[in-house]
Amino acid sequence: MRLQFDETDPQLLIVYPQGGYTPEEFAAFFERWSARLERDERFGVLQIVEPRPDDDDEADEDEAMEGRNIDHLIKVVNDFRRKHRQRIGEKTIGYASVEPHSEWLKNMSEAEREQYYLTKLPNRLYMYGTRVRHFTDVESARAWLDEQAQLPPVDFSTGRSTRTEARVGLFYGSTSGTTQQIANAICDVWHKAGMNVLQPVNLMDVNDIRVLEDYDYLILGCPTWNIGELQDDWNMAFPNLELLDLSDKSVALFGAGDQKNYNENFQDALGILGRELRVRGAKLVGFTSTEGYNFDQSISIEDNQFMGLALDEDNQSDMTDQRIKAWVQQLIQEFDLTPTSFD
């Protein structure tokens, strides 16, 4: 195995992956992390990525294997977070990844890197259920972990909104990160349209699905996976939707799909989720035209319209920005909201 551990420091779980993880090594990593969570003391996770040797003949084969197993790796992360959700926040100080050979990290100042996290990848701040940062040297990573040790634990215990002024909520499920990027883009356009700041919430970070009832207006993102299926987090939450009373709530849906390779079930998740939410009393808004798309079938179609915003980052990524801008303006009108300012 290329994965090595160092647990000689009681305050750190140090892992040395070489050129990435195999599925078995990824599982072993989380088994170590889980075992540490059983102890009484808090600790930080320090990942030090070592480059693969240039003469490694298995490099290309391993890379291809890891690509084929990306869904498995994501499932391992999701299972770990769900199983140890509260304990991770209580026991893990933070997760620092050191990548000495990362060009994008080297080309960014510390301030630029921080801004990048906050504006482009906000949920990466808590990717594993604890605070996460990337560094190019071990000293900076250790110093950051020392700072995190002085902060209170991350608390995901309630899962309910405490912001009484929050009338619009955006929740999404994302496996590959595409829907997360779309959610962030929607929030950015929403703010530029003069609306109050809208914070995207990863469904994985929601303990109680009834948090959706705390909002008057909801924007929900669910991509279509496999052959017309809900994304993993929405699939797990789906049985609990029966707990919701969404009467008098306006709900808009958005989703990512692939109309070329899955042309017989393009955006089916919008239809699956939309119809169930309607049973819960929701008023669906934000329907969009099917013009400009090329697919055969979709259960998300009503009156020649998608039951929400249909995006295709695989084949029509150049149209995403304009579709989001038009849709946000449509939602503001259909939600009957008034912008507070204009950018």
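Biologist: Happy to look at this together! How are α8 and α11 set to each other: parallel, perpendicular or oblique?

Modeller: Bear in mind that this model is predicted. Helix α8 (residues 178–192) and helix α11 (residues 320–334) pack with their axes 10 Å apart, at an angle of about 60°. Angles of 65 to 115 degrees would count as roughly perpendicular and those under 35 degrees as roughly parallel. The two helices, α8 and α11, are therefore oblique to each other.

Biologist: Nice. Which residues of α8 make the contact with α11, and how many residues of the contact are charged?

Modeller: From α8 come Ile182, Ala185, Ile186, Val189 and Trp190. Facing them, α11 brings Ile324, Lys325, Trp327, Val328, Leu331 and Ile332. Sorted by type, the contact of α8 with α11 has 10 nonpolar residues, no polar ones, and of charged residues just 1.

Biologist: Now to the sheet: which strands stand at its edges?

Modeller: The sheet is open, with 5 strands in the order β1-β2-β3-β4-β5 and mixed pairing. Two strands have a single partner each, so one side of each is left without a neighbour in the sheet. Those edge strands are β1 (4–6) and β5 (132–135).

Biologist: And which residue in β5 does Ala96 stand opposite?

Modeller: Strand β4 (residues 92–98) and β5 run parallel, joined by 4 bridges. Opposite Ala96, in β5, stands Arg133.

Biologist: Lovely! What angle does the direction of helix α7 make with that of β4?

Modeller: Helix α7 (residues 138–148) packs on the sheet and touches β2, β3, β4 and β5. With the direction of β4, that of α7 makes an angle of about 165°.

Definitions and conventions
Residues numbered from 1 in each chain as written. Predicted model: local features only at pLDDT ≥ 70, side-chain atom pairs only at ≥ 80, totals over all residues. Heavy atoms only, no water. Axes fitted to C-alpha atoms, helices over the stretch in contact; angles between N-to-C directions. Parallel < 35°, antiparallel > 145°, perpendicular 65-115°, else oblique. Contact = heavy atoms within 4.5 Å. Nonpolar A, V, L, I, M, F, W, Y, C, P; charged D, E, K, R; others polar. Pairing = 2+ DSSP bridges.
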